[in-house]
Amino acid sequence: MAVKIRLMRMGAKGHPSYRIVATDSRRRRDGEYIELIGNYYPCDSKDNTINEEVALKWLRVGAEPTDTVKNLFSKAGIIKKFNDEKMSK
């Protein structure tokens, strides 16, 4: 099973909000997911929440983040922590 970390669309028309989820890559975009990692609100960036522990857990296991999620993780400093962990081993 290939696991991806991607966005799941929520919210009303014209006011999107997204959940950052770990899901099987064969599932549909808004289908079932394995675990919720955080929330992303493109209209109001200060309300974004990412559970760093869960995100790092899935990156360690080998889950592949999409480009947008990778950018969000970079802004939150999660990618840097993950790379530092890999380099220290």
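Which residue in S3 does Arg19 stand opposite? I looked up this position first and found Asn39 in S3 opposite Arg19. I note at the outset that the model is predicted.

**Entry: the sheet**

I then traced the strands. I found an open sheet of five strands in the order S4-S3-S2-S1-S5, with mixed pairing. Strand S4 (49-50) and strand S5 (64-65) stand at the edges with a single partner strand each, so one side of each has no neighbour in the sheet.

I went through the pairings in turn. S1 and S2 run antiparallel and are joined by ten bridges. Within this pairing I looked up Ala12 and found that its bridge partner in S2 is His15. The hairpin of S1 and S2 has two residues between the strands, and Gly14 there takes a positive phi near 85 degrees.

Strand S2 (residues 15-24) and strand S3 (residues 35-40) also run antiparallel, joined by five bridges. S1 and S5, by contrast, pair in the parallel sense, over two bridges. There I recorded Pro65 in S5 as the bridge partner of Ile5.

**Entry: an aromatic pair**

How many aromatic pairs does a search of the whole structure find? My search returned one. The pair is formed by Tyr18 and Tyr40 and is stacked, at 6.0 Å centre to centre with 25 degrees between the planes. Tyr18 lies in strand S2 and Tyr40 in strand S3, so the pair ties together parts that are 22 residues apart in sequence.

**Entry: two positions in S2**

I looked up Thr23, which is found in strand S2. Is Thr23 buried or exposed? I noted a relative accessibility of 2%, so Thr23 counts as buried. Setting aside residues up to four places away in sequence, I listed its contacts as Ala2, Val3, Lys4, Arg6, Glu32, Tyr33 and Ile34.

Ile20 has its place in strand S2. With a relative accessibility of 0%, Ile20 counts as buried. I also checked Ile20 against Leu72: they are 52 residues apart in sequence, and their C-alpha atoms are 9.7 Å apart in space.

**Entry: the loop between S2 and S3**

Ile34, one of the residues that Thr23 touches, is found in the loop between S2 and S3. Its relative accessibility is 42%, and Ile34 therefore counts as partly exposed, the range for which is 20% to 50%. From Ile34 I took a distance to Asn48, 14 residues apart along the chain, and found their C-alpha atoms separated by 20 Å.

**Entry: helix H2**

Which residues of H2 are buried? I found Val69, Leu72 and Phe73 to be buried in H2. They cover an arc of only 100 degrees around the axis, which puts them on the same side of H2. On the other side of H2, I recorded Asp67 and Lys75 as exposed. Just after H2, Gly77 takes a positive phi of about 85 degrees.

**Entry: the nonpolar core**

I next examined the largest nonpolar core, which has 19 residues. Those with the most contacts inside it are Ile5, Ile20, Ile37, Trp58, Leu59 and Phe73. At least two residues of this core are supplied by each of S1, S2, S3, H1, H2 and helix H3 (78-88). Which element provides the largest share of this core? I found that it is H1, with five residues. In soluble globular proteins, nonpolar side chains tend to be buried together.

I then followed Ile37 through its contacts. Apart from its neighbours within four places in sequence, Ile37 is in contact with Ile5, Ile20, Val21, Ala22, Ile50, Asn51, Val54, Ala55, Trp58 and Phe73.

**Entry: a position in H1**

Last, I looked up Lys57, which has its place in helix H1 (residues 52-61). Lys57 is partly exposed, with a relative accessible area of 37%. I closed with a distance: Lys57 and Glu85 are 28 residues apart along the chain, and their C-alpha atoms are separated by 12 Å.

Terms used
Residues numbered from 1 in each chain as written. Predicted model: local features only at pLDDT ≥ 70, side-chain atom pairs only at ≥ 80, totals over all residues. Heavy atoms only, no water. Pairing = 2+ DSSP bridges. Helix = DSSP H or I, 4+ residues; strand = E, 2+ residues; numbered from the N terminus. Phe/Tyr/Trp six-rings, centres within 6.5 Å; stacked < 30°, edge-to-face > 60°. Buried < 20%, exposed > 50% of the residue type's maximum accessible area, 1.4 Å probe, protein only. Arc of directions from axis to C-beta. Contact = heavy atoms within 4.5 Å. Core = buried A, V, L, I, M, F, W, Y, C linked by side-chain atoms within 4.5 Å.
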